[in-house]
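I opened my notebook and loaded the structure. Here is what I looked up, entry by entry.

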Amino acid sequence: MKGFLPEGEKFLHIQIPERFTRETMYGLLSRTIDNDLQPISNEIHFDFRNLRFIEPTGITILSNLFEWLLVRNVEANIIYPEEFGREKYCPIKYLDDSMFFAEYLGGEPLSEFSHVRPTTLPLQKVSYSSSFQWLQNVFVTWLAGRLYVTRESVDGFRVCLDEIFNNINDHAAEDTGCIFVQQYPRNNEIQIAISDFGVGIPHNVKNSHNPFLNDAEALYQAAQKGFSTKSTPKNRGVGLDNLITSAVLNNKGTVHIHSNNGILKCTNVNNKVEFTPKLAQGFYPGTLIEITLRTDNIENITEEEFSWD
Amino acid sequence: MGLTNIKVLDYVNQCYSNSDGHVIFDLINDEFKAGNRVAVYFDEVSALNSSFVNSAFIELLDTYDFNFIKSHLQFKNSTQQINSLIKDRFAFEVKKSKELVTN
């Protein structure tokens, strides 16, 4: 991809919203993808010049969208401001530090002053076949180092991602996930955003079980323990449940899942998982999972004698 | 009836996928068929995911009843996360199959 300014009307020009979050992404997506789930144009110019704020999950969303367009042979171009701030709250600087522009503008960040922040695990595309090594060698190493704890102490976090990658491998047509991780040391939190550009969870649920469910209902169904689309014979329908149990029940974090026209929010209320399904304002191609985990809730991994009782 | 020790990382590089789990399943199944009990050792493994547990252990329920599994299978050098996931998965699958029988 190459960034340049638009000169004519032969292409679709799309402004990235001032505030880009998983709530505001739907306007951008609906201007990019038509009702038949096809790209609206073969050439799209994404204009970042009005962007004032982007949340970490927004980086995963943009990456997922660009990957979705690339596999459909769309020429997606980036228009960026000629000058941007060097302060850490500048969204263009944040995108540049996160290696977003390096990924989609040919290998180099926009600015020579950009660098990966210590609190960021920059944007990565991870295939299933390399996911175990990535989790062990990159994710666990980085997180244990950031939190000054042993590698074993963050294994609960790693298992959350194990479940997502195994889900991607079982269900998505493409076995690659875009992943981005941000630490918030002052809040004792890390936020993990991971997305695939497969057909989406509601699509699979409606195909295999009930075509009359809406996408929010289908997402809620998929998160219930033992519910399986049986996309593979090994699938027993506990991957999403184990992710939610680990993140929400054990860690007291939160999980948001956006897939097709559905959104599912999972929060801990009085030590129980509360599910809040709702219909989205638009369509998400694939599945986006945002996990917020408490870093002050890390349980020490202790050996324990096994007993069936 | 003998007791066979299986140290998982002697047979798989990691406990991650359904395929990894299936390697362990085959080892246990062979020992059960030979009339032996099995102790599975989790040295250097501190946490498991559900795909591995399903393929390595839960699929034994397709062939053996739960009481047989409890009396022939034990886990050693495990952690609270490993124990909790294995017991939770067995409890759920046993309850589900009982509901299928009674309904």
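**Entry 1: a hairpin in chain A**

I began at the hairpin of strand 9 and strand 10 of chain A, where 2 residues sit between the strands and Asn270(A) has a positive phi near 50 degrees. I noted at once that the model is predicted. Strands 9 and 10 of chain A run antiparallel and are joined by 15 bridges. I picked out one pair: Lys265(A) has Thr276(A) in strand 10 of chain A as its bridge partner.

Next I looked at Gln281(A), which lies in strand 10 (residues 272-294) of chain A. Is Gln281(A) buried or exposed? I found 14 C-beta neighbours inside 10 Å, so Gln281(A) counts as partly exposed. I also checked a distance: Gln281(A) and Arg294(A) are 13 residues apart in sequence and 29 Å apart in space, C-alpha to C-alpha.

**Entry 2: the sheet around it**

I then traced the sheet in chain A. It is open, has 5 strands in the order 6-7-8-10-9, and its pairing is antiparallel. Which strands stand at the edges? I found strand 6 (120-127) and strand 9 (254-269) of chain A there, each with a single partner strand, so one side of each has no neighbour in the sheet. The twist averages 20 degrees from one strand to the next.

At the strand 6 edge, I found 6 bridges to strand 7 (residues 176-184) of chain A, and the two strands run antiparallel. Val126(A) has Gly177(A) in strand 7 of chain A as its bridge partner. Helix 5 (residues 128-147) of chain A lies across strands 6 and 7 of chain A, and runs at about 165 degrees to strand 6 of chain A.

**Entry 3: two unusual phi values**

I kept a general rule in mind: most residues other than glycine have a negative phi. Met99(A) is not a glycine, yet its phi is positive, about 70 degrees. I placed Met99(A) in the loop between helix 3 (91-97) and helix 4 (100-104) of chain A. Met99(A) counts as buried because it has 21 C-beta neighbours inside 10 Å.

Asn188(A) also has a positive phi, near 55 degrees. I found Asn188(A) in the loop between strand 7 and strand 8 (189-196) of chain A. Asn188(A) has 14 C-beta neighbours inside 10 Å, so it counts as partly exposed.

**Entry 4: helix 1 of chain B**

I checked the length of helix 1 (residues 18-33) of chain B. At 1.5 Å a residue, its 16 residues should span 22 Å, and the end C-alpha atoms are 22 Å apart, which agrees.

Which residues of helix 1 of chain B are buried? I listed Asn18(B), Asp20(B), Gly21(B), Ile24(B) and Ile28(B). Seen down the helix axis, they fall within an arc of 150 degrees, so they line one face of the helix. They pack against strand 1 (3-7), strand 2 (37-41), helix 2 and strand 3 of chain B. On the other side of helix 1 of chain B, I found Ser19(B), Asp26(B), Asp30(B) and Lys33(B) exposed. Gly35(B) follows the helix, with a positive phi near 85 degrees.

**Entry 5: where the chains meet**

Last, I looked at the contact between the chains. It takes 24 residues from chain B and 22 residues from chain A. On the chain B side, helix 2 (50-56), strand 3 (73-76) and helix 4 (80-102) each supply at least two residues. Helix 4 of chain B gives the largest share, 6 residues. By class, I noted 5 nonpolar, 16 polar and 3 charged residues on that side.

Conventions. Residues numbered from 1 in each chain as written. Chains lettered and ligands numbered in written order. Predicted model: local features only at pLDDT ≥ 70, side-chain atom pairs only at ≥ 80, totals over all residues. Contact = placed C-beta atoms within 7 Å. Helix = DSSP H or I, 4+ residues; strand = E, 2+ residues; numbered from the N terminus. Nonpolar A, V, L, I, M, F, W, Y, C, P; charged D, E, K, R; others polar. Buried ≥ 20, exposed ≤ 12 C-beta atoms within 10 Å, placed from the backbone. Pairing = 2+ DSSP bridges. Axes fitted to C-alpha atoms, helices over the stretch in contact; angles between N-to-C directions. Expected span 1.5 Å × (residues − 1). Arc of directions from axis to C-beta.
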